[in-house]
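Grab a coffee and open the viewer: here are a few short exercises, each with a worked solution. Try each task yourself before reading on.

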Amino acid sequence: MLDGIFSFVLLDSRDNSFIVARDAIGVTSLYIGWGLDGSVWISSEMKGLSDDCEHFESFPPGHLYTSKSRGFRRWYNPPWFSESIPSVPYDPLVLRHAFENAVIKRLMTDVPFGVLLSGGLDSSLVASITARYLAGTKAAKQWGSQLHSFCVGLEGSPDLKAAKEVADYLGTVHHEFHFTVQDGIDAIEDVIYHIETHDVTTIRASTPMFLMSRKIKSLGVKMVISGEGSDEIFGGYLYFHKAPNKEELHRETCHKIKALHQYDCLRANKATSAWGLEARVPFLDKEFIKVAMSIDPESKMIKKDQGRIEKWILRKAFDDEERPYLPKHILYRQKEQFSDGVGYSWIDGLKAHAAKHVTDKMILNASYIFPHNTPTTKEAYYYRMIFERFFPQNSARLTVPGGASVACSTAKAVEWDVAWKNNLDPSGRAALGVHLSAYDAEAPLISNVPSKVIDSIPRMVEVPGVAIHT
């Protein structure tokens, strides 16, 4: 078993007592519910509890639940969890070896597998290390030593181009999947049903991953290694450019890691498992997190005048002149959020689609229809309507996080730049003055969508609890 990665239930048949434990970070999904008769229910999906439980909630990561105590106890309590500021000097070789070990550990498999490759830093490093160490493994003897890589995007998207270049450099068998804005829109309801959230950025990123996972599984592949977690650990999101000091940067990374089970881990786990595909995430290896989060956060601060961009310490750790892991321009490619990298018109298309379904009046009355975690945009309102149709229980609503966000920030980090308060959007392009293709502050955020695509979409009108096609 990979230490701390799997959730489990242990039953003592002598007295029917049991212990339930969730993995350290929340890489795999888990929920707990209580029936009217006092029964306790455990499920990897919320929908498995909604019909039989009076109340249910997300099982907290890194915790145990025992039937005898009928309560939770934290089993995972690393030093970084207290958010105290670490002081270990940055050593690039220590960081490199820790991550290589995390990837190698995840090469233990007896099923066909591959890597998800977006062409960004994180997935490219995962692919590079996997390709470098695959040859001597048992998996290579069983399935061959040539690595398979997978990428998804709109035609001509940034990720498709970068991923192809990395795949050629590493010599992988590369599989490139294309989708259209309409393909994604058609899948939204299925995505929300499987991912079990109405969080905007999660749905934006889950949809292309959901579509890609179906195609990967159809090829006979059963496991993929992915790059989630790096941005949370190293302060890789573009809003970290505005971190005022190392203390706030470190606290923000701690908050982001603690919330991963509600966002990227939720997406990576459920978008893949919906099709019977397993996702493994080496950046969230317990030992690697221990090493990375013990480094003095001053080394994670972004300092343009010193040539230090986001995730500089990770890039530097793998900048090897003698045996390069990646081409230089890929190693130092700017952070591109997955929902942006698949093609900028993807998010623009979603916003345009939502605008056809949600009226201004509906937004004005949103606080009456959805008093908890009230949607503030038409896109968020549209997702919320679908979510409520599938999961009308109050317990379900409480599992979804909320709050203001810029480029995937927490609400607290929005305060780092006063200009962001008027440009709230989880897309990386909302980081004005940072992203190379940032939104124009004076321009509308919907573009690049042919009017014939939008006009051909069936319209929906909203009645509390009901969605009616017209």
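**Exercise 1. Taking stock**

How many helices and strands are there in the protein chain? Then work out how much of the chain is buried.

*Solution.* Keep in mind that this is a predicted model. Start with the elements: the protein chain has 19 helices and 14 strands. Next, burial: of the 470 residues, 56% are buried. Now the outside: the accessible surface is about 19700 Å², and carbon and sulfur atoms account for 53% of that. Last, the contacts: take those between residues at least 6 apart in sequence, and 70% of them join residues at least 24 apart.

**Exercise 2. Ordering a sheet**

In which order do the 5 strands of the open sheet come, and is the pairing parallel or antiparallel?

*Solution.* Go one pair of strands at a time.

- Begin with strand 8 (residues 113–116), which pairs with strand 11 (residues 223–225) in the parallel sense through 3 bridges. Here Phe-113 has Met-223 as its bridge partner.
- Strand 8 also runs parallel to strand 9 (residues 148–153), with 2 bridges between them. On this side, look for Val-115 and its bridge partner Ser-149.
- From strand 9, step across to strand 10: this parallel pair has 6 bridges. Cys-151 sits opposite Glu-176 of strand 10.

Put together, the order reads 10-9-8-11-12, with parallel pairing. Strand 10 (173–178) and strand 12 (278–280) are the edges; each has a single partner strand, so one side of each has no neighbour in the sheet. As for twist, neighbouring strands of this sheet are turned by 30° against each other on average, ignoring direction.

**Exercise 3. A helix on the sheet**

Which strands does helix 2 touch where it packs on the sheet?

*Solution.* Find helix 2 at residues 121–133. Follow its contacts, and you land on strand 8 and strand 11. Then compare directions: the helix makes about 150° with strand 8.

**Exercise 4. A greasy spot outside**

Which residues form a nonpolar patch on the surface with Phe-8, and is Phe-8 buried, partly exposed or exposed?

*Solution.* First locate Phe-8, which lies in strand 1 (residues 8–12). Its companions in the patch are Leu-10 and Ile-19, and the three together have about 250 Å² of accessible area. For the second part, take the relative accessible area of Phe-8, which is 33%. Buried would need under 20% and exposed over 50%, so Phe-8 counts as partly exposed.

Conventions. Residues are numbered from 1 along each chain as its sequence is written. This is a predicted model: local features need pLDDT of at least 70, side-chain atom pairs count only at pLDDT 80 or more; totals for chains, interfaces and linings use all residues. Side-chain values use heavy atoms; hydrogens and water are left out. Two strands pair if DSSP finds at least two bridges between them. Helices (H or I, at least four residues) and strands (E, at least two) are DSSP runs, numbered from the N terminus. Buried means under 20% relative accessible area, exposed over 50%, partly exposed in between (1.4 Å probe, protein chains only). Contact means heavy atoms within 4.5 Å. Accessible areas come from the Shrake-Rupley method with a 1.4 Å probe; for residues, only the protein chains shown count as cover. Axes are lines fitted to C-alpha atoms, for helices over the stretch in contact, and angles run from 0 to 180 degrees between N-to-C directions. Patches are made of residues with over 30% relative accessible area and no salt bridge: like charges are joined within 9 Å, nonpolar side chains (Val, Leu, Ile, Met, Phe, Trp, Tyr) within 5 Å. A salt bridge is a side-chain nitrogen of Lys or Arg within 4 Å of a carboxyl oxygen of Asp or Glu.
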